[in-house]
Amino acid sequence: MPRNQADYDKGVALQKKLRGNVPPPAGRAAVAELAPALDELLTEVLFGRVWTRPGLDLKLRSVATISTLMALQRLPQLKQHILYGLNLGLTREEVVEIITHVAWYAGVPTAVNALQVAKEAFAEAAK
């Protein structure tokens with residue numbers, strides 16, 4: 001049971017908004033199955049409190065998340081957050097520009113990997 005039901009409910013609503021018509025990613029399904037308490041915390045805290053804080057709109061939060069996941073090479077999560085960014089109104093061109101910009105700080109091989117992931121996300125989003 002969530003510690004704060006209101007934050008949990010905000011997190012559920014935000015995740016639905018981020019996903020649009022896309023089902024939850026496989027990794028998240030594994031978290032829900034194997035570590036339901038962690039899944040609950042992700043929903044309540046990360047999505048219900050952090051992503052909904054005032055100060056940055058969702059599109060800027062998406063840019064920050066894409067940049068961080070790219071730099072850290074968290075590729076499955078990067079793909080999911082590129083899809084979320086597209087749902088929030090980022091264009092394909094903006095995603096490529098984010099990757100190009102971060103390449104100078106995180107390295108060209110990192111950017112090449114991110115572009116491969118972006119290509120997969122763009123194809124999935126086009127379905």
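## Exercises on an all-helix model

A polar contact of 2.6 Å joins the side chains of Glu44 and Arg49 (a polar contact being a pair of N or O atoms within 3.5 Å; within protein, one must be able to donate a hydrogen and the other to accept it, and residues adjacent in sequence count only if both atoms are side-chain atoms). Before you dig in: this is a predicted model, where local features need pLDDT of at least 70 and side-chain atom pairs count only at pLDDT 80 or more, while totals for chains, interfaces and linings use all residues. Residues are numbered from 1 along each chain as its sequence is written, and side-chain values use heavy atoms, with hydrogens and water left out.

**Exercise 1. Place Glu44 and decide: buried or exposed?**

Step one: find Glu44 in helix 3. Helices here are DSSP runs of H or I with at least four residues, strands are E runs of at least two, and both are numbered from the N terminus.

Step two: check its cover. Glu44 has 2% relative accessibility, so it counts as buried. The cut-offs are under 20% relative accessible area for buried, over 50% for exposed and partly exposed in between, with a 1.4 Å probe and protein chains only.

**Exercise 2. Work out the overall build of the protein.**

Step one: count elements. You get seven helices and zero strands, which read α-α-α-α-α-α-α along the sequence.

Step two: look at compactness. The radius of gyration is 15 Å, close to the 14 Å from the globule rule for 127 residues, so the protein is as compact as a globular protein of that length. That radius is taken over C-alpha atoms, and the rule is 2.2 Å times the number of residues to the power 0.38.

Step three: add the box. Along the principal axes, the C-alpha atoms fill roughly 45 × 30 × 30 Å.

Step four: look inside. Buried residues are 34% of the 127. Of the contacts with a separation of 6 or more, 69% come from residues 24 or more positions apart, contact meaning heavy atoms within 4.5 Å.

**Exercise 3. Which backbone nitrogens does the Asp57 side chain approach?**

Step one: locate Asp57 in the loop between helix 3 (36-50) and helix 4 (58-72). With 45% relative accessibility, Asp57 is partly exposed.

Step two: list the partners. A polar side-chain atom of Asp57 lies 3.2 Å from the backbone nitrogen of Lys59, and one lies 2.7 Å from the backbone nitrogen of Leu60.

**Exercise 4. Which residues does Ser62 touch, leaving out those up to four places away in sequence?**

Step one: Ser62 is in helix 4 and is buried, at 1% relative accessible area.

Step two: read off its contacts, namely Trp51, His81, Gly85, Leu88 and Leu90.

**Exercise 5. How many residues separate Gly89 and Lys59 along the chain, and what is their C-alpha distance?**

Step one: Gly89 belongs to the loop between helix 5 (75-87) and helix 6 (92-106). Its relative accessible area is 38%, so Gly89 is partly exposed.

Step two: the two residues are 30 apart in the chain, and their C-alpha atoms are separated by 7.2 Å.

Step three: check for touching. Setting aside neighbours within four places, Gly89 contacts Lys59 and Glu94.

**Exercise 6. What is the sign of phi in Gln73?**

Step one: Gln73 sits in the loop between helix 4 and helix 5, partly exposed at 27% relative accessibility.

Step two: phi of Gln73 is near 60°, a positive value in a residue other than glycine. For background, most residues other than glycine have a negative phi.
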